[in-house]
Structure formats: C-alpha cells, structure tokens
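Student: Please take one part of this model and go through it closely. I would like to see how it fits with what surrounds it.

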Protein chains: 2
Amino acid sequence: MTTSSPNRPATIHQVARLAGVSHTTVSRYLQDKESLKPTTRVKVDFAVKALDYRPNLVARSMRTRRTNRLAIVMPASPEAFPGRLLAAATETAHQAGYQVEMVSVEGSVRSRSARIIDLARSGQVEGILSISSIDVRGRASAEIPIVATGTYDDNLRGLGELADATEIREIIEHLAGLGHRDFFHVAGPSTFASARNRKSVYLETIERMGLRSVGVHDGNWTAKSGYDGITSLPDDCGVTAVVAGNDVVATGVIRGARSRGWEVPRDLSVFGWDDLEFARFTTPSLSTVAVNREAQGRDGILRLLAEIRGEPAPEPTTKTINRLIYRESTAPPPPKSR
Amino acid sequence: MTTSSPNRPATIHQVARLAGVSHTTVSRYLQDKESLKPTTRVKVDFAVKALDYRPNLVARSMRTRRTNRLAIVMPASPEAFPGRLLAAATETAHQAGYQVEMVSVEGSVRSRSARIIDLARSGQVEGILSISSIDVRGRASAEIPIVATGTYDDNLRGLGELADATEIREIIEHLAGLGHRDFFHVAGPSTFASARNRKSVYLETIERMGLRSVGVHDGNWTAKSGYDGITSLPDDCGVTAVVAGNDVVATGVIRGARSRGWEVPRDLSVFGWDDLEFARFTTPSLSTVAVNREAQGRDGILRLLAEIRGEPAPEPTTKTINRLIYRESTAPPPPKSR
DNA sequence: CTGAAAGCGCTTACAG
DNA sequence: CTGAAAGCGCTTACAG
C-alpha cells in the first residue's frame, strides 16, 4: 500500500488510484490522451488536476533513456564567458525541445577529456557541444555524439577550424589595397591554435603577395603586449600597418604608437580581432573581425542534433562566421614612408 | 540473463559479474571503497577499469532523489543574455558540486510560472534560481526551493529588490554636491519594477532635498527616448543635470543635448546606469552605476544552496551590488544658468 | 481500449 | 564484510 509522504509530489500510482484505473492507463494518458476512451479520459483528467500531478522526469528518462538534455562544455575561465554563443545555443536547443546544461571544465586537456567521458556515459545528456579543448579520440564507442566548435578548440576538427586563415588573408589584402607594403604582427601565445594559425597565415600571405614584414612580436593577448610590440620597433622600420592578435592587443598598439608620435590611422593602420563591444567606441574606432558567436552556438547545436538523430551534418546557417569590419583605425599609408 | 547490447555503457551488474561479487558490493565500492575488504576491492577495481565503467547517474538520481543540478530560469530574450551573472552563478554552483541547467521561459508571467512549477516537480533539479519575473505564491508546497534575483524581478522578494533606491539617491546627492539644482529624468517603461523604483525615488529625493525637477520623460530604455526627452525641453528650462534610465538612454540624451548646442558636461551633466562595456569608451565617458552581476549570480546560488540544505540565508558576499562610477559626463553646472 | 507484468540501473535497509 | 530483496516512478511490449 502506497502511503503519500508529505512534501512529495504525487505519483502516477496515486493518480491511477484516484481515477480508478491502472497506472498503465495514466501513463498512456500522458503519452496520448486520444488513445483513451472518453469516459476514461475524463476520470484521469480529473485525478491529474485534483492532485496537480506532474510526471517525474527522472524516472521517465531512466525508462526511455532519453533526457532531452544537451551539455555545453566550456573552459572554467569566467573572464571569457561565452555569453553570446550560449544565448544562441540555448535558444536553438530549446526550440528543438532540449534543455541545456552548462558544464565548465578545468585542468589539463587530459583531465578535461576524462570529465567529458564521464558525462557522456552518465546518461544525463544526449549530446555534448564542447567549446573547450578536448581530446576524445578513440573513446567514442558506446557513447553519445560530441561536437566541438572550432574557435576555442586546440586539436579537434570542428566548426570553422581553419576559418582564421581566411580573415587574416582578407585583412592583409585589404590593407595592401589601401597601399600598405610594410606590415607588423603582434601574435597571441602559441599555445592557442588560433594564435598559431593567424601567425602562420600572416607570414604566408605577406610572402605570397610580395609584401614586407618588419617582424612578428610574440605576445599574450594583452594590451601591454601590443604596446611592447610596437614600441620595440626601430624608428626607421617603415611599418605602416599592424595586424594585431585581437582588439585588446590593438588598443595597446595604438597607445604605443601614439607614445612615439605615430598617429593612427594617419601614420599607422591597426587591425584588431573580435569586435568586442568597445571596439566601435574607442578613438579611433577599431577596424576588426566580428566573430559571429551566435552562428557558432546555433550551428554547433544544429550539428549536434543532426548527429543525435542520425542525420547528415547540416549546412552552416551562415557562410561567414567571421566578418571584416572597417572603422577608423585603418586608412591609406602616409604619402611618404618615414 | 543480461545481454550486453552493443553501444550501451556497462552496468553495475556487468561489473559485478566480471568481479565475481554481487552488484550490491559494486555499489558499495562506488560509495566508499574503504568499506570493502582489500581483496574484494581489488577485484571490483579491476572489473571497473576493464569495462571502463561509469555509473548511470539518471538511475542513481531516481533512487536517491538527488540530481546535483540547479536550474537557472531566465527570460527568453537573447538581447539581454545575462552572461556575467551566469558565469558567476555557474562557477559557484560547480564549486558546491552542482550542475546548472539553463531554462529560458517566455510568454506571460502566468505561463512562465506554470513552466517553473513543472520544473520544480520534475525531479530534475534540486533548486531554481529565477532571474525572470515569476509568480509562484501559494504553490510552494511539496516543492523545491526557488530563489529570485531582484533586479530583473517584478513582484518577488529577492536579492536587492529595492537596491535601486539607494543609488538614485546617491546620484542626486552627488550632483547636488557639485552644485546642480535643476534636474531631469528619462525613465524606463513602467512595466519594469526597476524603472518604477528609479522614477519614484528620483521624485522623492528631489522633493526631500528641495531641488527642482524640470520634468520626467517616460521612455523605453532606448537611446531615442533619451534624445526625445532632452530635445523636448524648452530652451529656458534651466536643466543642468539628467538622470538617465540607463547607459543607452544616456547616450541618446548626450546626442540630443549636443544637437541643441548643449555640451556635456560643460552645460549638462548626464548620469547613466549599467556600466555597459562601452560606457568608458564614449566621448565623454559616462558616469554610471555599475551593477555587480557577478555578485548577483553568486549570491543567488548561495542563497539557493542554503535553502536546499535547510540553512539560514547567508549574508550577501558584498554590501554593494550597485556602485557609482564617476566619469567625464558629470561635472559642476555652468557658472550661470541658461 | 485497458491491465498485469517486466524492467530501466541504481541504493539502501535488513540479514547473515 | 557481503548478498538477497525491495523499491525509486515511470514506459512498453504482451495479452485480453
């Protein structure tokens, strides 16, 4: 005999007893009201309302092996919280009837990957979208789909993995089109795939187009590294265009240039990356690369859903994850080089 | 006889069989390895590793009635995605051993509240932090703790519910201290509790301090409403200080003022609210109120955890959810009024 | 159209 | 220290 403890939601059995039917029938009511005889349906309907019954979704998940939940795995570093990506990913998942669980992982690639495997086996989620660097090669057996977005990713095939390449090339082509010949690059740390990609594509493009690089400063994504990079150059280096690792670096480059009497964009053009919110408000405003985080989140979830359903990978909803934005920090070089 | 289907994780029974023990013993091993005899432990250990076993957490949750998961309920409006709050909330929850599920709700307060009740009964989460307007009065029986953060909230007691009051008073006191006597307020829409609070505290403070309000413009959080508000004033109104509903409104006020020849802060001081990222980069940079979203998220989760554990509500980790920031858009009024 | 039975994979008294 | 049994709240063939 079931006793209903206080402070515990009603169960399907209690509904069944009140309605005078079997719990099987109540379950059927939950799946498809139409499958019940009208008089039965009325009885169950009454009992459900009377007890304010809501099914225990954990029990349902256990039985059906479906949770309608996806996990988004991200690095445990609050200063880079991927809000825009998450917003789009969550909305896309919700529209498909899935909940989203946020999981932040820290530690080495190895320990993070172990955490993801646990998650994949836990039965709690039906798929994983990782925006953190993971390595789950060879452990995919008996597990759920795992999709990685490219930009944050160090060693997995993912969304737009080599996308960075295209934009660095476009930046240089644009600057060359304005008349620039003498370039400088302030790179991010080589531990980031994106930094490595940008640097190597910078060097390749300069060479391919017959331009000149006055050097590459290996920085660390900070404004200071931009400042240090530009101020370390000799006065007569002749540089007129800087490809900065990101917007923050670009602000450092601009301050450093000004400190030595080079005005931007009069004497020096500076290109950033990220289109952070401040980029349009600085003086001068920053030419930069807008990363479509919404598209990353949305397309990541759509790819994951397709894998869960056993469908082929969908086309990206947009061709251009990254888009160049031209603002005040870039202009033609000064008429005669310094 | 259990047959192991392909592509299905190992179960506790399979581990037990391989180890030559009962599944009860394996379960015990999972709870506390020390409770097993060393020779038994070795056998189980081997089997767990050999099968790469991970417990099914859904089954565990069903049995223990614990999920180690909290839900954060937010409005389904991507343009205001509460990234910073979420980052802090997630980190706090993770540190306490909880996962976080993001749930966005839309529709009327009524339908949103129904959704939250479903969630509370689903067994899937142990507590709910709502940063959306909800109304769950009288339905709390047989359910899990629900905590609401104040700022986004329309009708629930929450974190810093009346916090807005303090800051509006401080803003006016600060401006009066600079010498301002003639104020103007561009309010947000009255459907927002925060807008209503700010407006009423504005009026009260002006009156209490014997200052003068040249009017209140009822806007809608947009820059245009700021522009319209300031340009709607007569030339000889004598205003020297504007309390804008938020930073976006403030930018509109500044543009509108400039369009009629009033320079900020020379002729007019303008105070914003939110300290959005651009606030420090505009010209002039904005005096504004920085809302500590991190503290909101962190304290919301801490309060929720305390309720779950049946502990008294913890002290907020910071006294000042909101903090005034003085930048270039405020200064003493011009020597003689227009 | 409905019910009795089995079972999803665990944990937890209860014996021994 | 270990095992047999019960049960968490559902869903789903299988009969009728």
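Tutor: I will start where the two protein chains meet, go on to the DNA, and end with one sheet. This is a predicted model, so local features need pLDDT of at least 70, side-chain atom pairs count only at pLDDT 80 or more, and totals for chains, interfaces and linings use all residues. Residues are numbered from 1 along each chain as its sequence is written, while chains are lettered from A and ligands numbered from 1 in the order in which they are written.

Start with the chain pair. 37 residues of chain A are in contact with 37 residues of chain B (contact: C-beta atoms, placed from the backbone, within 7 Å). On the chain A side, H4, helix H5 (83-95), strand S2 (99-105) and helix H6 (109-121) each supply at least two residues (helices, H or I, have at least four residues and strands, E, at least two; both are DSSP runs numbered from the N terminus). H5(A) gives the largest share, seven residues. By class, this side of chain A has 15 nonpolar, 14 polar and eight charged residues (Ala, Val, Leu, Ile, Met, Phe, Trp, Tyr, Cys and Pro count as nonpolar, Asp, Glu, Lys and Arg as charged, the others, Gly among them, as polar).

Strands also meet here. S2(A) pairs with S2 of chain B, residues 99-105, in the antiparallel sense over three bridges (pairing needs at least two DSSP bridges). A:Val100 faces B:Met102 across that pairing.

Now the symmetry. Chain A superposes on chain B by a rotation of 180° with 0.0 Å of shift along the axis, at RMSD 0.1 Å (least squares on C-alpha atoms of residues with pLDDT of at least 70 in both copies). The two copies are therefore related as by a two-fold rotation axis. The same surface serves both: 100% of the contact residues of chain A recur in chain B.

Helix H4 leads on to the DNA. H2 and H4 of chain A, with H2 and H4 of chain B, each supply at least two residues of the surface near DNA strand C (near: C-beta atom, placed from the backbone, within 6 Å). The 25 residues around strand C include the closest ones, A:Lys37, A:Thr40, B:Ile12, B:Ser27 and B:Asn56. H2(B) gives the most there, six residues. Around DNA strand D there are also 25 residues, and A:Ile12, A:Ser27, A:Asn56, B:Lys37 and B:Thr40 come nearest. For strand D the largest share, six residues, comes from H2(A). The surface near strand D has eight nonpolar, 12 polar and five charged residues.

UniProt, in an unreviewed entry, places "domain: HTH lacI-type" at residues 10-64 of chain A (positions follow the numbering used here, names are shortened, and annotations may be inferred rather than shown by experiment). That span is 71% helix and 0% strand, and its end C-alpha atoms lie 20 Å apart.

Last, a sheet in chain A. Four parallel strands form an open sheet in the order S6-S5-S7-S8. S6 (212-218) and S8 (269-271) of chain A are at the edges with a single partner strand each, so one side of each has no neighbour in the sheet. S7 (241-244) of chain A runs parallel to S8(A), joined by three bridges. A:Val242 stands opposite A:Val270 in S8(A).

Notes. Two residues are in contact if their C-beta atoms, placed from the backbone, lie within 7 Å.
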